Amino acid sequence: MHPIDLRSDTVTTPTAAMRQAIADAEVGDDVLGDDPTVNALQARCAEWAGKPAALFVPSGTMANLVACRLHTSPGDEVILDRGSHLYRYEAGGFAVVAGCSVALVDARAGLLDAALVDAALRPDDVHQPRSRLLWLENTHNFGGGSCYDLEQLAALRGLADARGLSLHIDGARVFNACVAQGYALSAVAQRADSMSFCFSKGLGCPVGSMLVGEADFIERARRVRKMLGGGMRQAGVLAAAALHALDHHVERLADDHRRARVLADALGRWPGLSVSVPETNLVFADTGGCHFDAPALAAALADEGIRVLCPTPLRLRFVTHLDVDDADLSRVVGELDRLRQDARFAG
Ligand SMILES: *Cc1c(COP(=O)(O)O)cnc(C)c1O
C-alpha cells in the first residue's frame, strides 16, 4: 500500500498538469526583470491582493525576513503571538537580518486581538525598545489552522494606525483562510501594509512565495531579496507552477478542509485525546490526557505507512492536502479506529 503523508501540505508533489505548465513556461533572467512568467505572476498576485506591487521569493521564510527588515530598524520590537512561525520556526532570522526584538503575546489559537496587543505596546521611553511592527499569521499554523475574520482584522488595523505600527500578515496559508471564511484575498491584504503567502503549501507547488505591498516597499524588497541571495534567474519555471496553482488549486482547498473535519471526528472518538476543531486543513490531537505520548502513536501509524508530525511530545499534527484523497482518508480513519482498540493505546 502506498504511504500517506499527513506531516504537512508542503509534501505535495507537482501534478502532471503542473509539470506540463512548467515545461511550457517562457523564461528570462528575472534578476534583470526579464522573466515574462514571473512578471505575469507578480502582476496577477498584486491585482488579486489589491496591492500595487508583488515580489516572487524562494520561500515564505524569506518573504517574512524581507518584511521584518523593511518594517523595522535594529532594536525595534515586533508584536506577535508566541506560537508564530516567525518566532518558532525560522531559525531566529528576524534577529540576525533585521536586528529586531520581539514582544511575545499568548493568544488563543494564535489570533491576536486589540486588547492583547495594546497590553504589549511600550510607552515612549528611552529605556524601552520601540514598538514598531504588528505581526499576524493567517491561517495560524501552530494555532491549528485558525483564521481571523474581517472584523478582527479591521480592529487590529485600527489599533496599528492609532499607535503608528506597521502591520504584516504572514499569510503562508491565506488561501485556506479565504476559502474557509469566504472572503477575498484583497479583503485581508487591505488591512496589511504587507502580506506574504506560499505556493508550496496547500497550493501544491514545488517552490515559491509572494510578498505584496506598496510599490516603494516592493522596490526596496527587491534589493533585500538580492542581498539574501534570493534573486533567481529563469524563475519562470517556478512561476508557471504558481500560475497553474492559482487557476486550479485554490477552490479545491475546501476538499482539504472537509477531509480535516472527517479526520478530527475520527480522532475525537479516542478517549483522552484532545482534538482541535479544524477551521482549515490542520488537525491537532493532544495526548496530555492519555497514558501514551504523541511519538508512540505516530510510530504506530508510521508502521502502517501513515506519516504524521509531532510538533511537541504531547501533540500530533495531521495535515490534509492535494495528495490525500478520500480513499486515503478512509484508510487513515480505519487505522485510527483499529489502533484505538490496540492494547498499547486503549484507555
Ligand atoms: C511554512 C510557513 C512559513 C515559511 O514558509 P517556507 O516556504 O517553508 O519558508 C511561514 N509562515 C507560516 C505560517 C508557515 O506555515
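I take a polar contact to be a pair of N or O atoms within 3.5 Å, where, within protein, one atom must be able to donate a hydrogen and the other to accept it. I keep in mind throughout that this is a predicted model.

**Entry: Arg157.** With that cut-off I looked up Arg157 and found that its side chain makes a polar contact with the side chain of Asp193, at 3.1 Å. The residue belongs to helix α7, which covers residues 150-163. I count Arg157 as buried because its relative accessibility is 11%, and the limit for buried is under 20%. Leaving aside residues up to four places away in sequence, I listed what Arg157 touches, namely Leu165, Leu167, Arg191, Ala192 and Asp193.

**Entry: strand β5 and its partners.** I turned next to β5, residues 131-137, and noted that seven of its seven residues are buried. Strand β3 (residues 77-81) runs parallel to β5 and is joined to it by three bridges, with Ile79 as the bridge partner of Leu134. To strand β6 (residues 166-170), also parallel, I found five bridges from β5, and here Leu136 stands opposite Ile169. Following the chain from β5 through α7 to β6, I recorded a right-handed β-α-β crossover.

**Entry: the cores.** Which residues touch the most other members of the largest nonpolar core? In this core of 55 residues they are Leu41, Phe56, Leu134, Phe197 and Phe199. Helix α11 (residues 236-248) gives the core its largest share, seven residues. I then followed Leu134, whose contacts, not counting residues up to four places away in sequence, include Ile79, Leu112, Val117, Leu156 and Ala160, as well as Leu165 and Leu167. Apart from the largest core lies another one, of 29 residues, among them Leu6, Ala260, Leu273 and Leu336.

**Entry: the antiparallel sheet.** I traced an open sheet of four strands in the order β9-β10-β13-β12, with antiparallel pairing. Strands β9 (274-275) and β12 (309-312) stand at its edges, each with a single partner strand, so one side of each has no neighbour in the sheet. Helix α12 (residues 253-268) packs on this sheet, where it touches β9, β10 (282-286) and β13, and its direction makes about 10 degrees with that of β10. Between β12 and β13 (residues 315-319) I found antiparallel pairing over two bridges, and Thr312 stands opposite Arg315 in β13. Helix α13 (residues 294-303) lies across β12 and β13, and I noted that it runs at about 40 degrees to β13.

Conventions
Residues are numbered from 1 along each chain as its sequence is written. This is a predicted model: local features need pLDDT of at least 70, side-chain atom pairs count only at pLDDT 80 or more; totals for chains, interfaces and linings use all residues. Side-chain values use heavy atoms; hydrogens and water are left out. Buried means under 20% relative accessible area, exposed over 50%, partly exposed in between (1.4 Å probe, protein chains only). Contact means heavy atoms within 4.5 Å. Two strands pair if DSSP finds at least two bridges between them. Axes are lines fitted to C-alpha atoms, for helices over the stretch in contact, and angles run from 0 to 180 degrees between N-to-C directions. A nonpolar core is a set of buried Ala, Val, Leu, Ile, Met, Phe, Trp, Tyr and Cys residues joined through side-chain atoms within 4.5 Å. A crossover is right-handed if, with the strands pointing away from the viewer, the path from the first strand over the helix to the second runs clockwise.
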